[in-house]
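Subject: A structure to look at

Hello,

Here is the structure I promised to pass on to you. Have a look at it first, and then read on for my notes.

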Amino acid sequence: MNIVWKLFITFLKIGLLSIGGGYAIIPLIQEQVVGQNNWISGKMFTDIITISQMTPGPLAVNTSTFVGLQVGGITGALAATTGCIFCGIIISLTLYKFFQTHQKSAYVLEVLNGLKSASLGLIISAASTIILLALYGSQSKIDFFSLNWIALLIFLTMLFLLRKWKLNPIVIIFISGIAGFVFYR
């Protein structure tokens, strides 16, 4: 199958299942692009997630664009991005019509509460994936000796600065980038 078409189909499926937003869908994207298709490495995936967070726009869309660019160039980026957003647009328009019709239904409100809970679980899963990749370099080899102490020190320092002085997240990103440059050069 043509790589551009495969990117479109893969991200169409991801877009179809991306209930809860970008952070909730990170584990599924990782499974598809790193695990099943072996398009990129785990390290590159972490880098793409980092870049996707720093660029304007939704995380899942930015991630699909960067993965598509790495795998299939400009046409791959267009295919992956289109696949990622297509289902969301169709579902959003359909749900808008549905909720306009059933906006006072108690059953519909309870279903939405259930979806919120599921989304929270997916976001926690995504956060743990990012933390494990940053501190251990993988999700499978987790032991005291493989801990990246520099990454842990940078993380704890930035968390302290953020909580103590309520620094702007852009300042935290900038300081983290400088620290990463100094320690990992």
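To start with one residue: is Phe 98 buried, exposed or partly exposed? Phe 98 has a relative accessible area of 34%, so it counts as partly exposed. Please keep in mind throughout that this is a predicted model.

Now for the overall picture. The chain has 185 residues, and 30% of them count as buried. Its secondary structure is made of seven helices and zero strands, so if you follow the elements from the N terminus you will read α-α-α-α-α-α-α. Along the principal axes, the C-alpha atoms fill a box of roughly 55 × 45 × 30 Å. Among contacts with a separation of 6 or more, 50% join residues that are 24 or more positions apart.

The surface comes next. About 11800 Å² of the chain is exposed, and 71% of that is supplied by carbon and sulfur atoms. There are 11 positive and 4 negative side chains, with 11 Å between the centres of the two sets.

Then there is the interior. In soluble globular proteins, nonpolar side chains tend to be buried together. Here the largest nonpolar core has 20 residues, and Phe 11, Ile 26, Ile 29, Val 33, Ile 40, Phe 45 and Val 67 are those with the most contacts inside it. Helices α1 (3-16), α2 (22-36), α3 (42-54) and α4 (59-101) each give two or more residues to this core. The largest share, six residues, comes from α4. If you would like a place to zoom in, try Phe 45: neighbours within four places in sequence aside, Phe 45 is in contact with Ile 26, Ile 29, Gln 30, Val 33, Val 34, Ile 40 and Thr 63. Another core, of five residues, lies apart from the largest one, and includes Ile 154, Met 158, Leu 161 and Ile 172.

Helix α4 also holds Ser 64. Ser 64 has a relative accessible area of 0%, so it is buried. Which residues does Ser 64 contact, leaving aside its neighbours within four places in sequence? They are Phe 11, Ala 80, Thr 81 and Cys 84.

Another buried residue to visit is Ala 151, in helix α6 (residues 149-165). Its relative accessible area is 14%, which is under the 20% limit, and therefore Ala 151 counts as buried. Beyond its neighbours within four places in sequence, Ala 151 touches Ala 134, Leu 135 and Tyr 184. Ala 151 and Tyr 184 are 33 residues apart in sequence, with 9.7 Å between their C-alpha atoms.

Finally, the aromatic rings. A search of the whole structure turns up five aromatic pairs. Phe 98 and Phe 99 form an edge-to-face pair, because their ring centres are 5.5 Å apart and their planes stand at 70 degrees. Like Phe 98, Phe 99 is partly exposed, at 27% relative accessibility. The rings of Phe 144 and Phe 145 are also edge-to-face, with centres 5.7 Å apart and planes at 80 degrees. Phe 144 and Phe 145 are both exposed. Together with Trp 149, these two are linked by ring pairs into a cluster.

Enjoy exploring!

Best wishes

Methods. Residues numbered from 1 in each chain as written. Heavy atoms only, no water. Phe/Tyr/Trp six-rings, centres within 6.5 Å; stacked < 30°, edge-to-face > 60°. Buried < 20%, exposed > 50% of the residue type's maximum accessible area, 1.4 Å probe, protein only. Helix = DSSP H or I, 4+ residues; strand = E, 2+ residues; numbered from the N terminus. Contact = heavy atoms within 4.5 Å. Areas by Shrake-Rupley, 256 points an atom, 1.4 Å probe, with all protein chains shown as cover. Lys, Arg positive; Asp, Glu negative; His and termini not counted. Charge placed at Lys NZ, Arg CZ, Asp CG, Glu CD. Core = buried A, V, L, I, M, F, W, Y, C linked by side-chain atoms within 4.5 Å.
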